[in-house]
Amino acid sequence: MQLIFYGADKEVTGSCHCLEACGERILVDCGLQQGADGDGENRLPFYARQIDAVIVTHAHIDHSGRLPLLVRNGYRGKIYATGATCDLLKIMLLDSAHIQEVDAANANRKGRRAGREPQEPLYTVADAQAAAGRLVRCSYESPVELSGGIRFRFVDAGHLLGSASVELWVRENGLEKKIVFSGDIGNRNLPIIRDPQVIREADYVVMESTYGDREHEPLENYVPQLAEVFEKTLAAGGNVIIPSFAVGRTQELLYFIREMKERRLVRSVPDFPVYVDSPLAAAATQIYGGDLTGYADEDTVRLIRGGFNPIRFSGLHICESAEESKALNEDAAPKVILSSSGMCEAGRIRHHLKHNLWRPECSVVFAGYQANGTLGRMLADGAARVRLFGEEIAVRAQIYNFRALSGHADRRGLLDWIGAFEKKPARVFVVHGEREICEGFADELVRRGFRAWAPGFRAVADLSTNEILEEGAEPQRVSAQKPRRVSSAFARLTRAGRRLMDVIRENEGGANKDLAKFADQIDALCGKWSR
């Protein structure tokens with residue numbers, strides 16, 4: 001009965017954990033690494049064909065974005081998620097695959113001119129469709145039997161429509177253990193979705209720590225403060241640019257903007273135009289505007305039952321085509337533009353930043369987490385200049401960072417969530433946070449009487465004995481500002497190292513004598529070249 005940590009270990013993105021028990025390998029999340037996390041390649045650190053089942057906590061790409069790659073590499077099992085998560089995954093994975101294909105095509109155009117070998121996308125639209133075909137819809141609180149000895153159920157995590165924590169029970173060799181995977185724990189009092197539900201008991205807990213080092217601003221002040229930014233910017237003739245995650249954050253912002261308009265908080269332009277410039281956000285908004293029974297909070301349910309759409313209002317425009325998107329930057333009228341991606345790493349938002357960052361009358365409003373190494377993080381941290389599409393852009397627009405709307409619980413929310421357990425778990429594994437935050441939050445839990453630990457990548461824990469078998473490796477950082485140039489010989493050496501790891505994994509289960517000999521040969525080679 002072992003737990004292996006394959007992603008978001010002392011990092012924020014790429015969530016992936018594997019439970020090995022009862023002869024089965026169960027994957028909880030299979031997320032894409034983003035920003036400076038990982039080595040930038042998003043390779044799977046295990047054999048896809050050896051995985052027996054996948055459980056997905058929610059649809060965000062850092063928890064689900066490698067599912068098409070998993071299927072591409074031979075996974076043929078089921079992918080379990082809540083119904084709303086399944087609906088969102090069907091559009092989000094296709095969008096991610098489209099980005100992978102476009103990025104590969106652009107790289108190959110440049111590569112041909114440089115004489116480089118063509119590269120394939122990480123996965124294709126067909127792979128995403130194949131992954132969507134393996135989805136199994138589940139309901140909150142309803143037990144699901146995976147195999148003899150393993151069962152689980154979803155509990156509302158309050159982070160995104162359909163998001164969940166996972167309660168998983170394992171019975172092996174007469175011993176039963178309960179493992180809870182928090183997923184992303186939601187912020188309280190967010191619009192549309194319910195607050196995160198607490199869990200009362202577990203033997204082991206794998207919990208996130210994204211904001212484990214800070215408190216959010218009070219959410220009740222959010223709408224007036226955001227309205228002040230809108231008022232100042234629109235009155236000056238500028239645009240408000242909001243890099244927004246297409247799913248979840250965009251819809252929450254629309255909820256608040258509707259309230260802002262109803263209360264007439266923006267006096268200079270009361271019916272200011274709002275543009276949602278993202279095909280993915282448009283598709284997600286349709287889902288959020290549908291039947292939210294079992295997912296929405298009481299206020300939203302009341303609005304819907306009264307025949308009122310909580311995220312529709314006068315002056316709202318949805319941009320579908322690229323032509324509509326380009327026209328926004330040719331129109332001089334002040335406006336609000338919500339566009340993805342939320343961390344400014346891809347998509348139409350980069351064009352809007354190019355056209356507005358240099359204008360002092362404009363504003364850029366961040367309303368979500370910005371991972372290390374992303375353009376969004378650079379801007380939020382006060383960069384004076386950035387490069388976009390090969391051009392240096394001066395940052396003269398006003399930059400605002402509204403953390404109150406974060407979909408993640410802050411330090412107090414995380415402590416309240418883990419504090420709801422009636423008996424302290426045997427161990428708490430702290431994941432999904434930058435290295436300093438993971439380790440700092442784990443230390444805080446230890447001070448509060450918990451046995452807590454922040455695992456590294458590929459760490460292994462024995463859940464039957466509560467022993468740490470492997471502590472794992474530190475995350476590898478890649479600078480998004482200054483890509484490292486390496487020689488062709490070193491690149492070849494790196495490829496050889498990856499091949500060696502593949503060969504090592506292929507020999508799992510071999511004779512001890514042969515494995516020991518193999519290890520001796522590797523040690524001797526390392527001794528020769530170690531500096």
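User: How many cavities of 30 Å³ or more does the structure hold?
Analyst: Keep in mind that this is a predicted model. Rolling a probe the size of a water molecule over the atoms shows where empty space is left. With 30 Å³ as the lower limit, the number of cavities is 2.

User: What volume does the largest cavity have?
Analyst: The largest cavity is lined by 15 residues, and those closest to its centre are His17, Asp29, His63, Gly183 and Val431. Its volume comes to about 90 Å³.

User: Which element gives the most to the lining of the largest cavity?
Analyst: By class, that lining splits into 5 nonpolar, 7 polar and 3 charged residues. Going by elements instead, the top contributor gives 3 residues, and that is E11.

User: And the second largest cavity: how many nonpolar, polar and charged residues are in its lining?
Analyst: About 30 Å³ of space lies in there. Among the residues lining the second largest cavity are Tyr140, Asp156, Leu160, Ser163, Arg194 and Tyr295. Sorted by class, the lining has 5 nonpolar, 3 polar and 2 charged residues.

User: Over to charges. How many salt bridges does the structure hold?
Analyst: Side chains of opposite charge can pair when their charged atoms come close. Counting a Lys or Arg side-chain nitrogen within 4 Å of an Asp or Glu carboxyl oxygen as a salt bridge, the total for this structure is 32.

User: How many residues apart are the partners Asp416 and Arg188?
Analyst: Their side chains meet in a salt bridge, 3.1 Å from N to O. Asp416 sits in helix H12 (residues 411–419), while Arg188 is in the loop between strand E10 (175–181) and strand E11 (204–208). So the pair links distant parts of the chain, and Asp416 is partly exposed at 32% relative accessible area. The separation along the chain is 228 residues.

User: Is Arg188 itself buried, exposed or partly exposed?
Analyst: Buried means under 20% relative accessible area and exposed means over 50%. Arg188 has 36% relative accessibility, so it counts as partly exposed.

User: What's the distance between the closest N and O atoms of Glu259 and Arg263?
Analyst: Both partners are partly exposed: Glu259 has a relative accessible area of 22%, and Arg263 has 44%. They form a salt bridge, and the closest N and O atoms are apart by 2.9 Å.

User: Which helix holds both Glu444 and Arg447?
Analyst: The side chains of Glu444 and Arg447 meet in a salt bridge at 2.8 Å, N to O. The two are 3 residues apart, so about one helical turn separates them. The helix spans residues 435–447 and is H13.

User: In that pair, is Glu444 buried or exposed?
Analyst: The cut-off for buried is under 20% relative accessible area. Arg447, at 61%, counts as exposed. Glu444 has 12%, so this residue is buried.

User: Which residues are linked with Glu444 and Arg447 in a network of salt bridges?
Analyst: The Glu444–Arg447 bridge has its N and O atoms at 2.8 Å. That pair belongs to a network, and the other residues linked in it are Glu215, Arg411 and Arg448.

User: How far apart in space are Asn189 and Phe5?
Analyst: Asn189 is in the loop between E10 and E11. With a relative accessible area of 59%, Asn189 is exposed. In sequence, Asn189 and Phe5 are 184 residues apart. From C-alpha to C-alpha, the distance in space is 31 Å.

How values were computed: Residues numbered from 1 in each chain as written. Predicted model: local features only at pLDDT ≥ 70, side-chain atom pairs only at ≥ 80, totals over all residues. Heavy atoms only, no water. Helix = DSSP H or I, 4+ residues; strand = E, 2+ residues; numbered from the N terminus. Buried < 20%, exposed > 50% of the residue type's maximum accessible area, 1.4 Å probe, protein only. 1 Å grid on protein atoms, 1.4 Å probe; cavity = no way out; pocket = protein on both sides within 12 Å on 5 of 7 lines; lining within 4 Å. Points joined across faces, edges and corners; volume = space filled by probe spheres on them. Nonpolar A, V, L, I, M, F, W, Y, C, P; charged D, E, K, R; others polar.
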